[in-house]
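User: I would like a close look at one part of this model, followed by a careful account of other parts that can be described residue by residue. Please take it step by step, as I will be reading with the structure open beside me.

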Amino acid sequence: MIVWDDGTKKQRIYEMWQDNFHDPVSYADFYFKEVYGKNEVLINQEEDVAKGMLHLNPYLLHVNEQPVRAKYIVGVATDKEYRRQGVMKELLIESFQTLRSRGECFTYLMPADENYYLPFDFRFGMTQIEQEVEYLPDLYIPEEREAEKYTFKAEISEAELEKITAQENAVKDTVFDIYTDISPDYIRRMEKEVESDFGQVLYVFEGEKYIGRTAVGAEDSYFVLSQVFCADNAKRESFLEQTMLYCEKKYHYNRYQLILDASWKDATDKIGLQGCFRYMPAKRVKKIMFRLLDLEKLSVFLKCNVPGTQGYSTLEEKTADGEETICEADIYIEDNYLEEQSGVYHFLLKNGKVLIQKTGGTKGDCKESISVAAFTEYLFGAEEECVDDCTTLSGETKNLLKNICPLSKNCIVEIV
């Protein structure tokens with residue numbers, strides 16, 4: 001039986017958290033002080049015995065520059081004696097149905113093991129860049145490496161915070177299809193989270209100009225820079241280098257790991273010796289999986305590559321040579337876990353916009369179909385192969401779907 005925690009099961013939830021995740025006490029205490037109580041927790045229990053849990057943490061996202069509220073699934077755990085008994089399946093399905101009933105379009109998570117979630121139609125939609133860097137003190141020449149003078153602060157005022165969070169969101173609007181809204185409350189909570197893991201957040205300025213921020217802290221044999229944001233694209237490389245030099249003077253760690261969103265690709269292409277650092281080849285690591293909950297509601301935020309032509313009332317647009325491009329189709333979307341989402345949908349693409357409306361009907365009423373998993377993989381991961389490989393779609397319908405602009409440029413870097 002699935003029950004929703006009303007605050008009375010906090011101790012049992014804490015015990016399950018620690019039994020399954022083995023976090024440092026300081027980090028667990030942060031979570032249960034700063035996050036628990038502002039989120040929702042589902043518990044799978046039998047006769048008052050809790051077998052498993054799932055946490056739904058609320059975030060405000062921007063999807064194509066529009067605000068969207070979504071839940072980040074974390075803390076999915078089943079106690080050892082109840083595993084492989086369908087406990088997690090029941091929790092996930094209950095969360096899908098509840099979130100859809102509230103009008104949410106999708107949910108997302110960071111999997112410990114993707115194989116747990118692939119059967120439930122989660123698909124990857126975000127990668128991050130990880131790069132290892134070694135500091136070589138014998139090659140350090142101050143006048144060459146410190147041409148740009150940055151100031152590093154561990155604390156900033158509320159007034160500064162209001163200004164830089166607005167600036168960060170404005171920059172991200174121009175770069176990402178989906179990203180997490182950065183508010184002063186978000187930053188303050190992030191500071192507490194980083195501190196609970198024995199790190200700190202550094203804010204970087206050049207004079208009065210805000211350059212960026214990063215969380216820093218030791219992990220295994222590396223000093224890690226994560227949660228990285230740079231407000232000036234032209235200063236990205238110097239921002240990373242100067243931050244590592246600052247950390248080296250303070251902590252003397254010699255080995256660094258950069259954890260960056262995918263927009264940093266150009267800044268991490270360097271390999272080998274660069275000044276007083278040796279850069280290892282950067283790796284792209286799949287990180288966030290998405291699960292579609294309401295295709296109709298999500299379509300409001302989608303864009304397409306189909307232009308409009310005044311005077312045409314249908315979506316059979318005339319091209320320059322007089323041929324028609326078909327930009328509408330009926331497609332059956334198959335969802336094995338959300339019965340409410342399965343059905344025939346009418347797709348209309350025009351004027352750069354997408355309209356998807358459920359018309360009802362069964363799979364037998366429609367000649368063409370695609371699974372919600374395959375469509376999610378295209379929509380959030382830009383994987384055209386999952387559309388091309390779909391034998392239940394015609395060539396024209398495949399082209400229509402691939403004219404929908406995927407939401408694949410994503411920046412979701414929070415841990416919980």
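How many of the 10 residues of helix α10 (residues 372-381) are buried?

Analyst: The model is a predicted one, and everything below should be read with that in mind. Nine of the 10 residues of helix α10 are buried, and because of this the helix is largely enclosed by the rest of the structure. The buried residues of α10 are Val372, Ala373, Ala374, Phe375, Thr376, Tyr378, Leu379, Phe380 and Gly381. Just after the helix comes Ala382, whose phi is positive, at about 55°.

The strands β9 to β12 can be followed in order. Strand β9, residues 200-206, pairs with β10 in the antiparallel sense over seven bridges, and one point at which to find this pairing is Val201, whose bridge partner in β10 is Ala215. Two residues lie between the strands in this hairpin, and Gly207 takes a positive phi there, near 65°.

Strand β10 covers residues 209-219 and is joined to β11 by seven bridges, with the two strands running antiparallel. Ala215, already met as the partner of Val201, stands opposite Ser226 in β11, while Arg213 stands opposite Phe229 in β11. The hairpin of β10 and β11 has two residues between its strands, and in it Asp220 takes a positive phi near 55°. Eight of the 11 residues of β10 are buried, so this strand is largely enclosed by the rest of the structure. Strand β11, residues 222-230, is likewise mostly covered, with eight of its nine residues buried.

From β11 the pairing goes on to strand β12, residues 255-261, this time in the parallel sense and over three bridges. Leu225 has Leu258 in β12 as its bridge partner. Together with helix α8, residues 236-251, the strands β11 and β12 make a right-handed β-α-β unit.

Within that unit, Thr243 is a useful residue to select, as it belongs to helix α8. Thr243 counts as buried because its relative accessibility is 2% or less, namely 1%, the cut-off for buried being under 20%. A polar atom of the Thr243 side chain lies 2.7 Å from the backbone oxygen of Phe239. Leaving aside residues up to four places away in sequence, Thr243 touches Phe152, Val204, Thr214 and Leu225, and Leu225 is the residue already named as the bridge partner of Leu258.

Leu258 appears again in the description of enclosed space. The structure holds one cavity of 30 Å³ or more, and the volume of the largest cavity is about 30 Å³. Its lining is made by Gln131, Glu237, Leu240, Leu258, Ala267, Thr268, Lys270 and Tyr279.

A second helical residue can be described in much the way used for Thr243. Ser299 is placed in helix α9, residues 295-299, and its relative accessibility of 2% is why Ser299 counts as buried. The side chain of Ser299 reaches the backbone oxygen of Glu296 at 2.6 Å. When residues up to four places away in sequence are not counted, Ser299 touches Val354, Leu355 and Ile356.

Helix α7, residues 184-196, is where Arg188 lies. The side chain of Arg188 makes a polar contact with the side chain of Glu158, at 2.8 Å, although the C-alpha atoms of these two residues, which are 30 residues apart along the chain, are separated by 9.8 Å. Apart from residues up to four places away in sequence, Arg188 touches Ile156, Ser157, Glu158 and Leu161.

Helix α7 also contributes to the second largest pocket, where it supplies seven residues, the largest share of the lining. This pocket has a space of about 490 Å³ and is lined by 23 residues, those nearest its centre being Pro58, Tyr59, Asp185, Tyr186 and Arg189. Each of α2 (25-35), β3 (49-63), β4 (66-78) and α7 supplies at least two residues of that lining.

To return to the part you asked about, α10 has nine of its 10 residues buried, and Ala382, with its positive phi, comes just after the helix.

How values were computed:
Residues numbered from 1 in each chain as written. Predicted model: local features only at pLDDT ≥ 70, side-chain atom pairs only at ≥ 80, totals over all residues. Heavy atoms only, no water. Helix = DSSP H or I, 4+ residues; strand = E, 2+ residues; numbered from the N terminus. Buried < 20%, exposed > 50% of the residue type's maximum accessible area, 1.4 Å probe, protein only. Polar contact = N/O pair within 3.5 Å; in protein donor to acceptor, adjacent residues only side chain to side chain. Contact = heavy atoms within 4.5 Å. Pairing = 2+ DSSP bridges. Right-handed = clockwise from strand over helix to strand, strands pointing away. 1 Å grid on protein atoms, 1.4 Å probe; cavity = no way out; pocket = protein on both sides within 12 Å on 5 of 7 lines; lining within 4 Å. Points joined across faces, edges and corners; volume = space filled by probe spheres on them.
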